[in-house]
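I opened this notebook to record what I looked up in one protein chain. The entries run from the whole chain down to single residues.

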Amino acid sequence: MTVSSPRKALTIDNINPHVKEAQYAVRGELAVRSEEYRAKLGKGEGKDLPFDSVISANIGNPQQLDQKPITFFRQVASLLENPTLIEHEDVLINSLGYKSDVIERAKWLLKEVKSVGAYSQSQGAPGIRESVAKFIERRDGYPASGKDIYLSNGASSGVNTLLHIMCAKPESGILVPIPQYPLYTATLSVLDARCVPYYLEESQAWGTNLKAIEESYNKAIEEGTDVKAIVIINPGNPTGASLSAEDIRAVLKFAAEKGIVVMADEVYQTNVFLGEFISFKKALRDLQKEEPGKYDHLELASLHSISKGMVGECGHRGGYFELVGFDPKVAAEVYKFISIQLCPPVLGQCIVEVMVNPPKEGEPSYELYKKEYDGIFGDLKARANALFEAFKQMEGVECQSPAGSMYLFPTITLPKKAIEQAKKEGRQPDEFYCFRLLDATGVCVVAGSGFGQKEGTLHFRTTFLAPGTDWTGRIVKFHKEFLDEFR
């Protein structure tokens, strides 16, 4: 009897092919190389590198850079993690600088969750969901209910839940804005469902174009796709756009006419530099008020997160989504799906609560909270404008004014020789440019091809979260030298 040689049960050829097909550019090869450079510099081995620091402008990760946590949030969290501290109120207040409202909030949250080390209800702690509902009411001027709020492991787990519920078969399709955040296309790949791309209008500050949406929808229907929903990211990632009231209403009317769900990814709602944020929930309620009965069948899921805005608590994984107009039987299946994952992180749920219900004017923590919040907002706006001004100096680079979120998405025009060299190296031209930028400057951005872009156009996405504005000069200098090399 011959004994076969031992073999691996899993090989690259027999694992789930849909996982292999998924692409997630913001944490891809460029990011891996940038971390190798960071490690090298950290060990003091980077003498051969032409830069002395790595700038991670590839991912919206505020506290990895220099954004400080908001004091109220972290003080509350510290008491939730170690409740015995509450027994020493005098020490907290007199020696450690805690305010009385921090202690009161921690006590209230502990009453709601018992312990951050315990499971909560799968949908999230009821008191926290009620707090989210009150926030939505204040924001929009229309009622909201805690029963329609689902706390989640960041907004991305809400996206994952909703797409799992909607994508019933390989022909299921979701309209996704291009350029898009790759979470959507990657999740659709894993689900073996169809991405139905619709292109945003760069010349109109990356707004939605109803004609482009209709063309994409009609083409998908002709190809046998069962289009279930349209995704809107507002403010935009990667584009930095902030949608107008007209664009929002047009999308809602289109979705109502076609009978598809609207998924509104609104995680950057406080990052608005031009105009104002209008939620899809408010716009829908306005339409329902103007034309009673006409839009009552429309299903809307809107998502928010503690990872962005001035909060930047990405690592605590907190978020929520609200379901509006969903069939109760479908909502029950959403509940069942999230129950399989037990519950979202309980400390993350508590930070959602302090995000939606921060200190109010007249309360002891308000002054410091307001100072920190406004300071972060002002810094982000200043950096966004500094980067925008830098791009204006660069030959063949065009960029829309920073309107919202944490990103700019400039167009780059590259010389023919650079495009030929990229081809020789087996890379997309914008990817080739981004690798050369990283190798020369230590600045890590993401190629536009990782988000999708119109054929014949090239872009890259950069955050403006890194400290200071001097690193923008590295990009300007590199760009000139790159063009001179390949003219």
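The entries below take the chain as a whole, then two sheet regions, then individual residues.

**Entry 1. The whole chain**

I noted at the outset that this is a predicted model. I looked up the secondary structure and found 17 helices and 14 strands in the chain.

I then asked how the radius of gyration of the chain stands against that of a compact globule. For 487 residues, a compact globule would have a radius of gyration near 23 Å, and the chain has 24 Å, so the two agree. Along the principal axes, I recorded a box of roughly 75 × 65 × 60 Å that the C-alpha atoms fill.

Next I turned to burial and contacts. I found that 53% of the 487 residues count as buried. I also looked at contacts between residues at least 6 apart in sequence, and 73% of these join residues at least 24 apart.

For the surface, I recorded an exposed area of about 22,100 Å², of which carbon and sulfur atoms supply 52%. I listed 56 positive and 64 negative side chains. The centres of these two sets lie 2 Å apart.

**Entry 2. Strand 3 and its partners**

I asked how many residues of strand 3 are buried. Strand 3 covers residues 172–178, and 7 of its 7 residues are buried. I checked each face in turn. On one side I found Ser-172, Ile-174, Val-176 and Ile-178, and on the other Gly-173, Leu-175 and Pro-177; all are buried, and both faces of the strand are thus covered.

I then looked up which strands are joined to strand 3. Strand 4, residues 194–199, runs parallel to strand 3 and is joined to it by 6 bridges. Within this pairing, I noted that Ile-178 has Tyr-199 as its bridge partner in strand 4. Strand 5, residues 226–233, also runs parallel to strand 3, with 4 bridges between the two. Here I noted Val-227 of strand 5 as the bridge partner of Gly-173.

**Entry 3. Two cis peptide bonds**

I followed the chain past the end of strand 3. The peptide bond from Ile-178 to Pro-179 is cis, with omega near 0°. I placed Pro-179 in the loop between strand 3 and helix 8, residues 183–190.

I recorded another cis bond from Asn-234 to Pro-235, where omega is near -10°. Pro-235 belongs to the loop between strand 5 and helix 10, residues 245–258.

**Entry 4. An open sheet**

I looked up a sheet of 3 strands and found it to be open, with the order 10-14-13 and antiparallel pairing. I asked which strands stand at its edges. They are strand 10 (407–408) and strand 13 (446–447); each has a single partner strand, so one side of each is left without a neighbour in the sheet.

I then examined the pairing of strand 13 with strand 14, residues 460–463, and counted 2 bridges between these antiparallel strands. In that pairing, Ala-447 has Phe-460 of strand 14 as its bridge partner.

**Entry 5. Positive phi values**

I looked for residues other than glycine with a positive phi and recorded Lys-114, at about 70°. I located Lys-114 in the loop between helix 5 (100–113) and helix 6 (126–140). Its relative accessibility is 65%, and Lys-114 therefore counts as exposed.

I recorded Leu-342 as well, a residue other than glycine whose phi is near 70°. Leu-342 sits in the loop between helix 12 (328–340) and helix 13 (346–356). With a relative accessible area of 42%, Leu-342 is partly exposed.

**Entry 6. Two helix residues**

I asked whether Gln-75 is buried or exposed. Gln-75 has 12% relative accessibility and so counts as buried, the cut-off for burial being under 20%. I found Gln-75 in helix 3, residues 71–81. Leaving aside residues up to four places away in sequence, Gln-75 touches Leu-96, Gly-97, Tyr-98, Lys-99 and Val-102.

Finally, I looked up Glu-485, which lies in helix 17, residues 471–486. Glu-485 is partly exposed, at a relative accessible area of 46%. I noted that Glu-485 and Pro-415 are 70 residues apart along the chain, while their C-alpha atoms are separated by 9.5 Å.

Note on methods. Residues numbered from 1 in each chain as written. Predicted model: local features only at pLDDT ≥ 70, side-chain atom pairs only at ≥ 80, totals over all residues. Heavy atoms only, no water. Rg over C-alpha atoms; globule rule 2.2 N^0.38 Å. Buried < 20%, exposed > 50% of the residue type's maximum accessible area, 1.4 Å probe, protein only. Contact = heavy atoms within 4.5 Å. Areas by Shrake-Rupley, 256 points an atom, 1.4 Å probe, with all protein chains shown as cover. Lys, Arg positive; Asp, Glu negative; His and termini not counted. Charge placed at Lys NZ, Arg CZ, Asp CG, Glu CD. Pairing = 2+ DSSP bridges.
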